[in-house]
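Visitor: I'd love a close look at a single part of this protein. Could you walk me through it, one piece at a time?

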Amino acid sequence: MNDVVCLRNVTKSFHQRLVVDDVSFSLKAGEVVAILGPNGAGKTTTISMILGLIKPTDGAVLLFNRQPHEKQVRERIGTMLQEVSVIPGLKVREILELIRSYYAQPLSTDELINLTGLTDQDLITRAEKLSGGQKRRLSFALALAGNPELIIFDEPTVGMDISSRNRFWETVRMLAAQGKSIIFSTHYLQEADDAAGRILLFNEGKIVADGTPEEIKARISKQTVSFIIDPDVSLEKLYLHDEIKDIYRKNNRVYVQSDHTDRILEFIFQEKIGARDILVERGKLDDAFQQLTSSNKEAI
Ligand SMILES: Nc1ncnc2c1ncn2[C@@H]1O[C@H](COP(=O)(O)OP(=O)(O)OP(=O)(O)O)[C@@H](O)[C@H]1O
Ligand SMILES: [Mg+2]
């Protein structure tokens, strides 16, 4: 029972409407987990229950085998929420000092600046005057102030420009390498694919997939064979094969979707259509996301 986070049969209803439906999962120390899912899937509600900000209607949430709101737990976690709010009237440096003073062993202000990319100008600016992206940087610094073991981010990179985003993920990778446990939600599938060792895919309040990005991609049976042919070559002969689910042309390439790419390669050679530069691609995370969260799901 060394789980950093453990949810057991957690349910949340708002006004009799079930928004988190019997969710169970646990997280070991050092795991980096992405929570994905469409708008309204229950990601923020689940994160809020992990943080002890709202109570489950049913089920149990434990962090380090304790209740989320206990002081011993709060000292070990850092968080950046979807709605960033800042303390108005204080300058960024003053806020950093204030929040650091709450912790027994905070990171130094210099470390926080290095990790998050806060600038000298940010430090002397009053929090309410910061831009959206600058507020996120401050909020990131506050999340790390107490040198937390578990870090939870709800859509952390919304509103960040490309270089802030790259810097953010660089820091996250460094924190992960130090053995921190990290949970983040995102709508950017590439971020989940790049940064997380595990993805929890939510849909309509339930976990519909839980695995490494590779495992989730592998659940997509549909694969694609693509190739280049002369534009005047007809694809009619290929349409006759049942194994082919879909054929389309995009920029000079022909894409053929099928569950059995080996057979497709055979047809392509049999029919002598002059295909060249042939590529076989597995399902992408976007496809898995679409397939697992669409309302009329294909059985996979
Ligand atoms: N305090 C609340 N009172 C009533 N309904 C709520 C409350 N908070 C969330 N909900 C509802 O619960 C559902 C799940 O919301 P949640 O914020 O968890 O979704 P999400 O997955 O984080 O979505 P997004 O990607 O848009 O951030 C939504 O339908 C939302 O309207
Ligand atoms: Mg949300």
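Which residues line the largest cavity?

Guide: Happy to! Keep in mind that this is a predicted model. The largest cavity is lined by Leu 115, Thr 116, Arg 137, Phe 140, Met 160, Ser 164, Arg 167, Phe 168 and Thr 171. It holds about 60 Å³ of space, and a search of the whole structure finds one cavity of 30 Å³ or more. Rolling a probe the size of a water molecule over the atoms shows where empty space is left.

Let's look at the walls. Helices α4, α6 and α7 each supply at least two residues of this lining, and α7 gives the largest share, with four. By character, the lining residues of the cavity divide into four nonpolar, three polar and two charged.

Now follow α4, which spans residues 109–116. Its buried residues are Thr 109, Leu 112, Ile 113, Leu 115 and Thr 116. They lie on the same side of α4, because they cover an arc of only 165 degrees around the axis. An α-helix has 3.6 residues a turn, so residues three or four places apart point the same way. On the face turned away from that buried side, α4 carries the exposed residues Asp 110 and Asn 114. The cover over the buried residues of α4 includes α3, α5 (120–123), α6 and α7 (162–177). Just after α4 comes Gly 117, with a positive phi near 80 degrees.

Two of those buried residues of α4, Thr 109 and Leu 112, also have a partner worth visiting: Leu 96 touches both of them. Beyond its close sequence neighbours, Leu 96 also touches Leu 118, Leu 123, Leu 138, Ala 141 and Leu 142. Leu 96 is itself among the residues with the most contacts inside the largest nonpolar core, a set of 44 residues, as are Leu 36, Leu 144, Phe 153, Ile 182 and Phe 184. Helix α6 (residues 132–144) gives the most to this core, with five residues. In soluble globular proteins, nonpolar side chains tend to be buried together.

Finally, α6 brings us to an open space as well. The largest pocket contains about 580 Å³. It is lined by 22 residues, and those closest to its centre are Gly 78, Thr 79, Tyr 103, Leu 142 and Ala 143. Along with α6, the elements α2 (71–74), β5 (77–80) and α3 (92–100) each supply at least two residues of the pocket lining, and β5 provides the largest share, with four. The pocket lining divides into 14 nonpolar, four polar and four charged residues.

Key. Residues numbered from 1 in each chain as written. Chains lettered and ligands numbered in written order. Predicted model: local features only at pLDDT ≥ 70, side-chain atom pairs only at ≥ 80, totals over all residues. Heavy atoms only, no water. Core = buried A, V, L, I, M, F, W, Y, C linked by side-chain atoms within 4.5 Å. Buried < 20%, exposed > 50% of the residue type's maximum accessible area, 1.4 Å probe, protein only. Contact = heavy atoms within 4.5 Å. 1 Å grid on protein atoms, 1.4 Å probe; cavity = no way out; pocket = protein on both sides within 12 Å on 5 of 7 lines; lining within 4 Å. Points joined across faces, edges and corners; volume = space filled by probe spheres on them. Nonpolar A, V, L, I, M, F, W, Y, C, P; charged D, E, K, R; others polar. Arc of directions from axis to C-beta.
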